[in-house]
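Work through the exercises below with the model open beside you. Each task is followed by a solution in steps.

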Amino acid sequence: MKRGNFESPSSSDLPSSSRFKLNPQGDSEILKEDDNTKNFARSLASTQYLSLCSVTSENPDPYPPTGTSLVYLDHLELCLCSTEWWNLLTCILDDAPKLRVLKLKLYRKHCVEYNESMEPWKQPDYVPICLSSYLEIFEWRQYNGEEQEREVAKYILENASRLKKAIFYLESAEKHGILKELECMARGSKKCQLVFD
């Protein structure tokens, strides 16, 4: 199992075990299914901030070990460089019941080449607790309004009943049409403010 750099940014006032950055594109190390993996899973259980890349060429499944619970996760940044990042997002939403801030973006120096056909997103049959009770801030950078993106955005806006702010940074030349489409999407929170940049 390949895992990326796990670092604790010095600017954070969180304890080192509470903040992780997983960057599979940087220097990485091989962790076998042993004590290192178990220690990693235990550390993730107390993590409050997680920055996660959605794929590596060596390991197409970047999700933490089976049974990992993210009960303290408050803030998630997910890189969208995988063709199936939305399925990873669905898993994390299930395992992070207190998630308050969700940011979707493409990290600098990462590129997306979706040469293979993309599997359709399978919308969950239920609403994760974090959406119904905790999520307050949703930010999406490099939003293009493509079909899979629209489905995910619609699902989050419709089911995040405590959402205060949804920020979309648009990349498409068709900005006007995308803005109208986002504005027309149903929102589960009457207090949700849509912000476009």
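**Exercise 1. Aromatic pairs**

Task: Count the aromatic pairs in this predicted model, then classify the pair Trp85 and Trp86 and the pair Phe168 and Phe196.

Solution.
Step 1. The count comes to 8 aromatic pairs.
Step 2. Take Trp85 and Trp86. Their ring centres lie 5.6 Å apart, with 75° between the planes. Planes over 60 degrees apart count as edge-to-face, so this pair is edge-to-face. Trp85 is buried at 3% relative accessibility, and Trp86 is buried at 0%.
Step 3. Now take Phe168 and Phe196. The centres are 6.4 Å apart and the planes meet at 35°, so the pair is tilted.
Step 4. Place that pair in the chain. Phe168 belongs to strand β9 (residues 165-170) and Phe196 to strand β10 (residues 193-196), 28 residues apart, so the pair links distant parts of the chain.
Step 5. Check exposure. Phe168 is buried, at 0% relative accessibility, whereas Phe196 is partly exposed, at 26%.
Step 6. Join the pairs. Ring pairs link Trp85, Trp86, Phe138, Trp140, Tyr143, Phe168 and Phe196 into a cluster.

**Exercise 2. The core and helix α2**

Task: Find which residues have the most contacts inside the largest nonpolar core, and which element gives the most to this core.

Solution.
Step 1. The largest nonpolar core holds 40 residues. Leu89, Phe138, Trp140 and Phe168 have the most contacts inside it.
Step 2. Helix α2 gives the most to this core, with 6 residues.
Step 3. List the buried residues of α2, which spans residues 85-95: Trp85, Trp86, Leu88, Leu89, Thr90, Ile92 and Leu93.
Step 4. Ask what covers them. The cover includes strands β5 (49-53), β6 (75-79), β7 (101-105) and β8 (137-143). Helices α3 (129-134) and α4 (147-159) are also part of the cover.
Step 5. Look at Thr90 in α2. Thr90 is buried, with a relative accessible area of 13%. Leaving aside neighbours within four places in sequence, Thr90 is in contact with Trp121 and Pro124.
Step 6. Return to Trp140. With neighbours within four places in sequence left aside, the contacts of Trp140 include Leu80, Trp85, Leu104, Val152 and Phe168. Glu149 is also among them.

**Exercise 3. Cysteines without a bond**

Task: Decide how many disulfides the structure has, and explain why Cys81 is not bonded to Cys53.

Solution.
Step 1. A search of the whole structure finds 0 disulfides.
Step 2. Start from Cys79. The nearest cysteine sulfur, that of Cys81, is 3.7 Å away, and Cys79 is in no disulfide. Cys79 is buried, at 0% relative accessibility.
Step 3. Move to Cys81. The closest cysteine sulfur to that of Cys81 is in Cys53, at 3.3 Å. The cut-off is 2.5 Å, so this distance is too far for a bond. Cys81 is buried too, with a relative accessible area of 11%.

**Exercise 4. Charges**

Task: Locate the partners of the salt bridges made by Glu77, Lys164 and Glu181, and give each N to O distance.

Solution.
Step 1. The structure has 6 salt bridges.
Step 2. Glu77 pairs with Lys105, the closest N and O atoms being 3.3 Å apart. Glu77 is in strand β6 and Lys105 in strand β7, 28 residues apart. Glu77 is buried at 10% relative accessibility, but Lys105 is partly exposed at 22%.
Step 3. Lys164 pairs with Glu136 at 3.7 Å. Lys164 sits in the loop between α4 and β9, and Glu136 in the loop between α3 and β8. Lys164 is partly exposed at 48%, as is Glu136 at 22%.
Step 4. Glu181 pairs with Arg150 at 3.5 Å. This bridge joins helix α5 (residues 175-184) to helix α4, across 31 residues. Glu181 is partly exposed at 33%, and Arg150 is partly exposed at 27%.
Step 5. Look for shared partners. Asp74, Arg100, Glu136 and Lys164 are joined into one network.

**Exercise 5. Strand β8**

Task: What is the phi of Gln142, and over which ring does the charged end of Arg141 sit?

Solution.
Step 1. Gln142 lies in strand β8. Its phi is positive, about 55°, although Gln142 is not a glycine.
Step 2. Set this against the general trend: most residues other than glycine have a negative phi.
Step 3. Gln142 is partly exposed, with a relative accessible area of 26%.
Step 4. The charged end of Arg141 sits over the ring of Tyr169, 3.9 Å from the ring centre.

Definitions and conventions:
Residues numbered from 1 in each chain as written. Predicted model: local features only at pLDDT ≥ 70, side-chain atom pairs only at ≥ 80, totals over all residues. Heavy atoms only, no water. Buried < 20%, exposed > 50% of the residue type's maximum accessible area, 1.4 Å probe, protein only. Helix = DSSP H or I, 4+ residues; strand = E, 2+ residues; numbered from the N terminus. Contact = heavy atoms within 4.5 Å. Phe/Tyr/Trp six-rings, centres within 6.5 Å; stacked < 30°, edge-to-face > 60°. Lys NZ or Arg CZ within 6 Å of the ring centre and 35° of its normal. Core = buried A, V, L, I, M, F, W, Y, C linked by side-chain atoms within 4.5 Å. Salt bridge = Lys/Arg side-chain N within 4 Å of Asp/Glu carboxyl O.
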